[in-house]
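Me: Please take a close look at one part of this structure, the aromatic side chains that gather together. I should like a connected account of how the rings are arranged and how they are placed with respect to solvent.

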Amino acid sequence: MLTSWFLNVFFLVLAFVPLILSAPATSLTKDYYQKTCPDFSKIVRETVTTKQAQQPTTAAGTLRVFFHDCFLEGCDASVLVATNSFNKAERDDELNESLPGDAFDIVTRIKTALELSCPGVVSCADILAQSTRDLITIVGGPFYEVKLGRKDGFESKAHKVHGNIPIANHTVHDMMSIFKKNGFSLKEMVALSGGHTVGFAHCIEFSSRLFGPRADPELDSRYADRLKDLCKDHTVNKSMAAFLDPITPGKFDNMYFKNLKRGLGLLASDHALFKDNGTRPFVDLYADNQTAFFDDFARAMEKLGMVGVKGDNDGEVRRKCDHFNKLDV
């Protein structure tokens, strides 16, 4: 009877092991800084409002940096780390070289203000998550809840970027393999792609659709002509860029999806969402219903902010966002 009791207990314990292993590494809460840094939300909101007024591309740039951060090693501010003599960091990989300086600047501004108000308390990862949400709402996008308590990661490796970040000429299959790896569905991938309703892309990222024998005939001809004129010197002036949404570039709305149906998708990966039979129904839905897009985008952003978050045992609160507390890491 003792043996039977032991076996029953043994198998009961085994039954709970998967639940334990699948539990999140850390628990985030909306009021994480309520006692330790009560002015956190106010400082972030006021700083991003000032910065966005000074530089209107800040919102789009910060959203892009947040996405690039979370899709590699999780939302741990690893993309903010600068390269040093010991390590080439994520931000210096060729796929991240075009990440906008305004996004890094806004995090630095907020971190500086917070270190004066509550030193050593707020992580750079939380600053990036909160500022992204606030900036999206400033330019007209949906409000969504940001849970806090992330820690900053201990690693930032440039060589890990490739294969973990979608690129401009990816097919739907290519993109979905990356999104699926991070736990996102096809519909969520399309919703998050709607972030391209703000921001811009450099000519080099879409020049193959304009020039040479393989120019894309599915790009609206008048739009293509304007882009050709804009990008004619793109091999010399690599800073040349075009808005991802040429109609309402500074407003977060559903115009991006409407543009895809008109042949105004700037990147090949944008146009692919309309061409593919699996993603076109979602493009049609969001083009016709901005509320549906906002609702799905908000839920997907909440989920994105939870990807690979670090807890006390596998992260830190950096004193400066561009390097680890231990400089030799």
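Reply: The following account deals with the aromatic cluster and then turns to charged groups over rings. The model is predicted, and the values below are computed from it.

The number of aromatic pairs comes to 16. One of them joins Y286 and F293, whose ring centres are 5.7 Å apart. Their planes meet at 50°, and the pair is therefore tilted, since this angle falls between the limits of 30 degrees for stacked and 60 degrees for edge-to-face rings. Y286 has a relative accessible area of 0% and is therefore buried. F293 likewise counts as buried because its relative accessibility is 0%, where the cut-off is under 20%.

F293 also pairs with F297: the two ring centres are separated by 5.8 Å, and with planes at 55° this pair, too, is tilted. Both residues belong to helix α12, which spans residues 290-304. Within α12, F293 and F297 are four residues apart, about one turn of the helix. F297 is buried, as is F293.

These contacts are part of a wider group. A single aromatic cluster is formed by F252, Y256, F257, Y286, F293, F294 and F297. F293 thus takes part in the tilted pair with Y286 and in the tilted pair with F297.

Two arginines also lie over aromatic faces. R91 is placed over the face of F104, at 4.0 Å from the ring centre. R280 lies over the face of F274, and here the distance to the ring centre is 4.8 Å.

Key: Residues numbered from 1 in each chain as written. Predicted model: local features only at pLDDT ≥ 70, side-chain atom pairs only at ≥ 80, totals over all residues. Heavy atoms only, no water. Phe/Tyr/Trp six-rings, centres within 6.5 Å; stacked < 30°, edge-to-face > 60°. Buried < 20%, exposed > 50% of the residue type's maximum accessible area, 1.4 Å probe, protein only. Helix = DSSP H or I, 4+ residues; strand = E, 2+ residues; numbered from the N terminus. Lys NZ or Arg CZ within 6 Å of the ring centre and 35° of its normal.
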